[in-house]
Amino acid sequence: MRLVFAGTPEPAVESLQQLIDSQHEVVAVLTRPDARKGRGRTLHPSPVKELALKHGIEVLTPVTLKDNEEIRQRLRELAPDCIPVVAYGNLIPEGMLDIATHGWVNLHFSLLPQWRGAAPVQHSILSGETATGATVFRIDQGLDTGEILNVLPDEIAPDDTSDVLLGRLARRGAATLVETMDGLENGMITPRAQEGEASYASKIAVDDARITWSKPAAEIDRAIRAYTSAPGAWTTLGGQRVKVEPVVLAETDSLAPGEVAAGKKEVRVGTGTADVVLTRIQPPGKKMMNAADWARGLRADEQVVFE
């Protein structure tokens, strides 16, 4: 089939690569415009654009698709059979949904109708679920409400962070997306309506990632893993923000919430239930470091409490 691929960040790259390597023809790519990054605020292409240019594929970078007659006309000229979508980051207006014969087909990182929306991986970890997966569905005018074309089950490990889980789903989901393109081409896929109660995964803000040490240890553990690495779980010390990476649950509950105890081998923090052991911490203005190394810089008589 002739495909126009729509995607932007790193999790979409594997899908584009596998589609390029497949029997299908990727004739163009839709991606977000170059973004400013780093201290110099220089413009950088999206990871998807970089891969497309490497393979000599035409790249379209509209700011928006709404009322964009130029992009609409170019897509019609390209005459795609299908437009697979992975984390594109732009809404698809109703007037463009019929451009491709098989429509716009999205790889979404949850088992729909669970966790419709912007941050399904983070919310699945936050909620304490052990089962997850990816869904390939046909985009309609609703929020991730379209007919299901294919499903990939997966599990959430007790130590999975959002980075790890998203990376795994992106790799495995890419093969499922290619499989779906094959099935649409040969007529072996039967779309089905979503069934069951829907849940919604709202976008994660930086303020959401602040740790509340009075909560149970297991809930704090899930929150830190869910916010690793973006936007990054954080707390404050002396009025300054510090980031922390995943913790290990301890068997003791000797500390008050937020109270830090630095030993020779480990650094523990109190919660609403059992203590947790810090693994890595990023103090203000410094790189992420081993928690024990950070603790060696504290005075012996210094009382440390995260707020």
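Where does S229 lie? S229 sits in the loop between α6 (217-226) and β12 (234-237), where helices (H or I, at least four residues) and strands (E, at least two) are DSSP runs numbered from the N terminus. The peptide bond leading into S229 from T228 is cis, with omega near 10 degrees. The loop between α6 and β12 also holds P231, and the bond from A230 to P231 is cis as well, with omega near 0 degrees.

The model is a predicted one, so to speak of local features takes pLDDT of at least 70, and side-chain atom pairs count only at pLDDT 80 or more, while totals for chains, interfaces and linings use all residues. Residues are numbered from 1 along each chain as its sequence is written, and side-chain values use heavy atoms, with hydrogens and water left out.

As for the overall picture, the secondary structure of the protein adds up to seven helices and 20 strands. The C-alpha trace spans about 70 × 45 × 35 Å along its principal axes. Of the 307 residues, 48% count as buried; here buried means under 20% relative accessible area, exposed means over 50%, and partly exposed is whatever falls in between (1.4 Å probe, protein chains only). Take the contacts (heavy atoms within 4.5 Å) with a separation of 6 or more: residues 24 or more positions apart account for 63% of them. The surface on show comes to about 15200 Å², with carbon and sulfur atoms supplying 49% of it; accessible areas come from the Shrake-Rupley method with a 1.4 Å probe, and for residues only the protein chains shown count as cover.

On the charge side, there are 33 positive and 42 negative side chains, and the centres of the two sets lie 7 Å apart. Lys and Arg count as positive and Asp and Glu as negative, with His and the chain ends not counted; each charge is placed at NZ of Lys, CZ of Arg, CG of Asp or CD of Glu.

Now to strand β9 (residues 131-138), which is mostly covered, six of its eight residues being buried. Strand β9 pairs with strand β7 (residues 104-108) in the antiparallel sense over four bridges, pairing being called if DSSP finds at least two bridges between two strands. In this pairing V105 stands opposite R138 of β9. Strand β9 is also joined to strand β10 (residues 148-155), again antiparallel, through seven bridges. Here V136 stands opposite N150 of β10.

Two residues other than glycine have a positive phi worth a look. For A79, phi is near 50 degrees, and this residue is found in the loop between α3 (69-78) and β6 (83-86). For W115, phi is near 55 degrees, and its place is in the loop between β7 and β8 (116-117). How well covered are they? A79 is partly exposed, as its relative accessible area is 41%, whereas W115 is buried, with a value of 13%.

After β10 comes another loop residue, D159, placed between that strand and α5 (162-186). D159 counts as exposed because its relative accessible area is 59%. From E25, D159 is 134 residues away in sequence and 38 Å away in space, C-alpha to C-alpha.
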